[in-house]
Amino acid sequence: MQPGRLIVLTGPSGVGKGTLLRSLLQRHRELYYSVSVTTRAPREGEIDGKHYYFVSRTQFAEMVKNGELLEWAEFAGNCYGTPRKPVEAQIATGKSVILEIELEGARQIRQSFPSALRIFILPPSEAELERRIRSRGQDSEEAIARRLRRAKEEIDAANEFDIQIVNDDLETALARIETALFTPASS
Ligand code: ADP
Ligand code: 5GP
């Protein structure tokens with residue numbers, strides 16, 4: 001059996017990665033979404049084990065120490081990481097796995113999984129990015145400011161990725177991701 005593919009989706013907070021992913025996973029049941037571990041507190045409506053595994057700093061440090069994370073990074077004051085085992089197991093059974101992670105983690109994957117397809121999602125403009133973060137209505141002013149500062153750094157690194165897709169019109173962006181994932185490379 002052919003091993004599955006590792007797909008990395010990165011882009012500034014609020015650009016719409018979660019929204020794009022939800023649609024993508026609904027349309028393509030064969031894709032496996034890797035649920036991350038985080039020390040961030042759950043937002044309203046977030047479910048442990050579905051959106052994230054919510055853990056303490058101590059538990060997170062233990063996972064890092066035991067090599068249980070494929071990659072991890074600190075983002076806006078919290079730690080986030082990808083549990084290694086489920087990703088490796090799904091890939092071994094031929095499933096494609098999607099990680100939705102920030103820039104530092106994507107850089108680690110480039111080293112450890114050079115064959116991964118890495119996609120960067122860009123906002124149509126900085127103003128629209130700020131509007132989307134605010135419209136989500138779930139971050140404090142301080143968290144919004146930190147996320148916007150980090151967004152600029154991430155956008156500057158967009159060219160490190162295999163593909164850049166602007167999330168202006170949602171359907172158009174989705175169609176571009178589908179093309180990147182499902183169009184066989186010409187030989
Ligand atoms: P991320 O997962 O990248 O942090 P979200 O998926 O939470 O971002 O989206 C942030 C906000 O932007 C949400 O309110 C979402 O509905 C909105 N949004 C996402 N994509 C679009 C789009 N193409 N056009 C307008 N609003 C969008
Ligand atoms: P949020 O707090 O908005 O859910 O996520 C903040 C950032 O952390 C987003 O850019 C998201 O992509 C990233 N993130 C989520 N899970 C992981 C992970 O497992 N590893 C890394 N490196 N980043 C992650």
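Colleague: What makes you say that ligand 1 sits in the largest pocket?

Modeller: Ligand 1 is placed in the largest pocket of this predicted model because a molecule counts as sitting in a pocket if more than half of its atoms lie within 2 Å of the pocket's grid points. Helix H1 (17–27) and helix H5 (126–136) are the elements that give two or more residues to the shell around ligand 1.

Colleague: How do you know which residues belong to the shell around ligand 1, and which of them come nearest?

Modeller: A residue is taken as near if one of its heavy atoms lies within 4 Å of the molecule. There are 14 residues around ligand 1, and those that come nearest are Gly-14, Lys-17, Gly-18, Thr-19 and Arg-136. By class, the shell holds three nonpolar, seven polar and four charged residues.

Colleague: Why is the pair formed by Thr-19 and ligand 1 called a polar contact?

Modeller: A polar side-chain atom of Thr-19 is 2.6 Å from an oxygen atom of ligand 1, and the cut-off for a pair of N or O atoms is 3.5 Å, so the pair qualifies. Ligand 1 is covered by the protein over 75% of the 570 Å² of accessible area that it has on its own.

Colleague: What makes the pairs with Arg-132 and Arg-136 polar contacts?

Modeller: For Arg-132, an N or O atom of the side chain is 3.3 Å from a nitrogen atom of ligand 1, whereas for Arg-136 the side-chain N or O atom is 2.7 Å from an oxygen atom of ligand 1. Both pairs therefore count, since each consists of N or O atoms within 3.5 Å.

Colleague: How do you know which residues line the largest pocket, and how many are there?

Modeller: A lining residue must have an atom within 4 Å of a grid point of the pocket, and 39 residues line the largest pocket, with Gly-18, Arg-22, Arg-43, Tyr-52 and Glu-100 nearest its centre. H1 gives the most to this lining, with six residues, and the volume of the largest pocket is about 1100 Å³.

Colleague: Why is Tyr-52 counted as nonpolar in that lining?

Modeller: Tyr-52 is among the residues nearest the centre of the largest pocket, and it falls in the nonpolar class because Tyr is listed there. In total, the lining of the largest pocket has ten nonpolar, 14 polar and 15 charged residues.

Colleague: What lines the second largest pocket?

Modeller: Its lining includes Arg-40, Arg-43, Asp-139, Arg-146 and Arg-147, and these residues are classed as charged because Asp and Arg both belong to that class. The largest share, three residues, comes from H6, and the space in the second largest pocket is about 160 Å³.

Note on methods
Residues are numbered from 1 along each chain as its sequence is written. Chains are lettered from A and ligands numbered from 1 in the order in which they are written. This is a predicted model: local features need pLDDT of at least 70, side-chain atom pairs count only at pLDDT 80 or more; totals for chains, interfaces and linings use all residues. Side-chain values use heavy atoms; hydrogens and water are left out. A polar contact is a pair of N or O atoms within 3.5 Å; within protein, one must be able to donate a hydrogen and the other to accept it, and residues adjacent in sequence count only if both atoms are side-chain atoms. Accessible areas come from the Shrake-Rupley method with a 1.4 Å probe; for residues, only the protein chains shown count as cover. On a 1 Å grid over the protein atoms alone, a cavity is a set of points where a 1.4 Å probe fits but cannot get out, and a pocket is an open set with protein on both sides within 12 Å along at least five of seven lines; lining residues have an atom within 4 Å of a point. Helices (H or I, at least four residues) and strands (E, at least two) are DSSP runs, numbered from the N terminus. Grid points are joined across faces, edges and corners, and a volume is the space filled by probe spheres set on the points.
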